[in-house]
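I have a fresh notebook page and a structure to look through. Here is what I am going to browse, entry by entry.

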Amino acid sequence: MDDKETLRVGAAVRRRRRALSLTLAAVAARSGLSVPFLSQIENERARPSTRSLERVADALETTAVELLYAADSTRTVDVVRAGDTSGVAGVRPLVRGEHQMHADEFTGEHDAGRELVLRNDALLYVADGAAQVEAEGRAYRLERGDTLYLSGGVRHRWRATGPATRILVVAVAEHLGTAPHDG
């Protein structure tokens, strides 16, 4: 393995651990490695040896090869062009694939229609036009350039108020856990 691969495997290890809803302590117990060392791997401050990576992979019910493959996807560079219309009418994904962040651009008059509760934190940014937002029983009017931050679990609904409205919604991906940071 080269240094770049081993340094970037930390994000893949963290994603896999969280997908299994395991704590660092649980992975440490399964792998025989220490919690501080696992934390350093996840935070890309330590490079695991091949043997250590195999032990981590076993603890995460996968293989070292799969972790390296997943690490490769963390080095993604992807351009989404303005004319890309791969989303549904009025909604354009700004980030493709499964990553730690999810982002969409909503154009025109849009009304979510129902109350939403996102698992993780989100940011709504009004690039053009205006929006009406209800969050936890309070109403907010957002104008061009305004942002609204919502922590995970906040009940909300929003609607764009005109055909020229453009809203960006950026959120922590749903597949990431909301457990307190443990490493």
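My entries below go from confidence to cores, strands and side-chain pairs.

**Confidence**

I started by reminding myself that this is a predicted model. I looked up the mean pLDDT of the chain and found 82, with 84% of the residues at 70 or more. Among the elements, I noted helix H2 (residues 24-31) as having the highest mean pLDDT, 96, and helix H1 (residues 3-19) as having the lowest, 74.

Then I went to the weak stretches. Over residues 1-7 the pLDDT is below 50, and I counted 15 contacts there beyond near neighbours in sequence. Residues 178-183 also have pLDDT below 50, with nine such contacts in the model. I wrote a reminder in the margin: where pLDDT is low, the predicted coordinates should not be read in detail.

**The helical core**

Which residues touch the most other members of the largest nonpolar core? I found Val9, Val13, Val27, Leu38, Val56, Leu60 and Leu67, out of 19 residues in that core. I then checked which elements feed it: H1, H2, helix H3 (35-42), helix H4 (50-59) and helix H5 (64-73) each supply at least two residues. H4 gives the most, with four residues.

I picked Val9 for a closer look. Setting aside neighbours within four places in sequence, I listed its contacts as Glu44, Pro48, Leu53, Leu67, Leu68 and Ala71.

There is also a second, separate core, with 16 residues, and I noted Val133, Ala135, Val154 and Ile167 among them.

**Strand S9 and its partners**

Ile167 took me to strand S9 (residues 166-172). I sorted its side chains by face: Ile167, Val169 and Ala171 are on the covered face, while Arg166, Leu168, Val170 and Val172 are on the uncovered one.

Next I looked up the pairing. S2 and S9 run antiparallel and are joined by seven bridges; I found Thr107 opposite Arg166 in S9. Strand S4 (residues 122-128) also pairs with S9 in the antiparallel sense, over six bridges. On that side I wrote down Leu123, which stands opposite Val170.

**Ala131**

I stopped at Ala131, which has its place in strand S5 (residues 130-135). Is Ala131 buried or exposed? I call Ala131 buried because its relative accessible area is 0%, and the cut-off for buried is under 20%.

I also collected its contacts beyond four places in sequence: Val126, Tyr140, Arg141, Leu142, Arg159, Ala160, Thr161 and Ile167. For one more distance, I took Ala131 to Asp146, which are 15 residues apart in sequence and 9.6 Å apart from C-alpha to C-alpha.

**The aromatic pair**

I searched for aromatic pairs and the structure holds one. Phe106 and Trp158 meet edge-to-face, 5.0 Å centre to centre, with 80 degrees between the planes. Phe106 sits in strand S2 (residues 101-107) and Trp158 in strand S8 (residues 155-160), so this pair ties together parts that are 52 residues apart in sequence. I checked burial as well, and both Phe106 and Trp158 are buried.

**Salt bridges**

How many salt bridges does a search of the whole structure find? I got 10, and I looked at three in turn.

Glu42 and Arg17 meet through their side chains at 2.6 Å, N to O. Glu42 is in helix H3 and Arg17 in helix H1, so the pair links parts 25 residues apart in sequence. I found both Glu42 and Arg17 buried.

Arg30 and Glu61 form another, with the closest N and O atoms 3.3 Å apart. Arg30 lies in helix H2 and Glu61 in the loop between H4 and H5, so this one ties together parts 31 residues apart in sequence. I logged Arg30 as partly exposed at 44% relative accessibility and Glu61 as exposed at 53%.

Asp128 and Arg166 brought me back to the strands, with their closest N and O atoms 3.2 Å apart. Asp128 belongs to strand S4 and Arg166 to strand S9, so the pair joins parts 38 residues apart in sequence. Both are partly exposed: I noted 24% relative accessibility for Asp128 and 29% for Arg166.

My last entry is a network: salt bridges that share partners join Arg92, Glu105, Asp128, Arg144 and Arg166.

How values were computed: Residues numbered from 1 in each chain as written. Heavy atoms only, no water. Phe/Tyr/Trp six-rings, centres within 6.5 Å; stacked < 30°, edge-to-face > 60°. Buried < 20%, exposed > 50% of the residue type's maximum accessible area, 1.4 Å probe, protein only. pLDDT = per-residue confidence, 0-100. Contact = heavy atoms within 4.5 Å. Core = buried A, V, L, I, M, F, W, Y, C linked by side-chain atoms within 4.5 Å. Pairing = 2+ DSSP bridges. Salt bridge = Lys/Arg side-chain N within 4 Å of Asp/Glu carboxyl O.
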